[in-house]
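Student: I'm new to this one. Can you walk me through it and tell me what the labels rest on?

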Amino acid sequence: MSDYLTTAIDIAREAGGLISELSKQPQEVSYKRRSDLVTEADRRSEALIVKRLRSSFPQHDIVGEEGGGRSTNADYCWYVDPLDGTTNFAHGFPVFCVTLGLAHRGDVVAGVVYDPTRDELFTAERGAGAFLNDRRLSVSKAANLSESLLATGFPPYAENHELNIQLYFRFTLLSHGIRRAGSAALDFCSVASGRFEGFWELKLNPWDKAAGSLLVTEAGGRVTNLSGGPFRLLEDEVFASNGSVHDEMTRVFTEVMAHKGSV
Ligand code: IPD
Ligand code: CA
Ligand code: CA
């Protein structure tokens with residue numbers, strides 16, 4: 001395991017411990033935009049992570065959701081979501097995590113997602129597999145959409161909701177159902193660990209998908225855009241699956257989007 005990953009694991013566990021402690025207190029919520037919540041836990045977790053990353057890797061760039069990073073066009077860049085699942089956290093719904101992904105010239109090379117509510121640590125390094133705690137992960141073997149459990153999410157503002165509701169509607173009828181649990185990073189982890197067969201979102205930030213996308217590919221799954229084209233960390237949409245149901249789901253995306261216009 002590289003120093004990058006071992007350090008990221010220590011930091012994610014420490015930040016996870018912090019948000020877990022803070023989850024026991026009443027939450028004071030402020031709003032970045034309507035329905036876009038932020039809590040003291042988001043800010044304190046990011047401050048901790050950025051401080052630790054800066055001291056361990058002073059040459060690396062850091063992009064944090066709460067604005068705590070710095071960008072110098074360095075080869076290595078950390079994408080940090082200090083609390084993925086803020087709306088859940090603010091309401092006391094225990095589905096949230098900390099996630100850190102390291103990209104080298106735009107390609108994700110290492111990632112960690114730590115779920116403090118279940119003490120589940122998901123880790124991956126490019127070419128070295130994906131793990132849940134000490135167990136190596138593989139995606140599910142389900143071959144058809146009709147035997148699949150899926151996930152999606154909605155960004156915390158209304159853009160694209162109508163299109164995603166159409167997709168939600170279609171896939172609900174074609175599968176075992178759809179979960180909208182409220183943490184994109186954990187949704188990727190559920191694909192990597194075989195709990196879900198597929199997960200898509202129309203508008204995600206790089207910190208939501210850096211670690212999770214690597215976890216899925218390292219667990220043997222596939223990550224693309226909704227049309228089945230190359231996944232790009234800095235583009236909005238993403239579709240992750242176990243690979244076997246990918247083409248079938250891509251056909252449904254294409255069909256629904258043809259009637260609604262493009263994303
Ligand atoms: C959100 C969650 C949610 C997803 C949203 C994200 P946040 O991140 O990952 O599941 O549907 O698109 O913005 O705001 O809780 O860090
Ligand atoms: Ca997020
Ligand atoms: Ca967040």
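Tutor: Sure, let's start with the open sheet: seven strands in the order β3-β4-β5-β6-β7-β8-β9, with mixed pairing. Strands here are DSSP E runs of at least two residues, helices are H or I runs of at least four, and both are numbered from the N terminus.

Student: What makes β3 and β9 the edges?

Tutor: β3 (61–64) and β9 (135–136) each have a single partner strand, so one side of each lacks a neighbour in the sheet.

Tutor: A caution: this is a predicted model, where local features need pLDDT of at least 70, side-chain atom pairs count only at pLDDT 80 or more, and totals for chains, interfaces and linings use all residues. Residues are numbered from 1 along each chain as its sequence is written, chains are lettered from A and ligands numbered from 1 in the order written, and side-chain values use heavy atoms, without hydrogens and water.

Student: How do you know that β5 and β6 pair?

Tutor: Pairing takes at least two DSSP bridges, and seven join β5 (residues 97–104) to β6 (residues 107–115), running antiparallel. Among the bridge partners are Leu102 and, in β6, Ala110.

Student: Why are Asp81, Asp84 and Asp208 called donors of the calcium ion (ligand 2)?

Tutor: Donors are N, O and S atoms within 2.8 Å of the metal (3.2 Å for Na, K and Ca); water isn't among the atoms, so sites may look incomplete. The OD atoms of these three lie 2.1 to 2.3 Å from the ion, so they qualify under the calcium limit. Asp81 in strand β4 and Asp208 in helix α6 (residues 206–218) are 127 residues apart.

Student: Are Asp81 and Asp208 buried or exposed?

Tutor: Both are buried, meaning under 20% relative accessible area, with exposed over 50% and partly exposed in between (1.4 Å probe, protein chains only).
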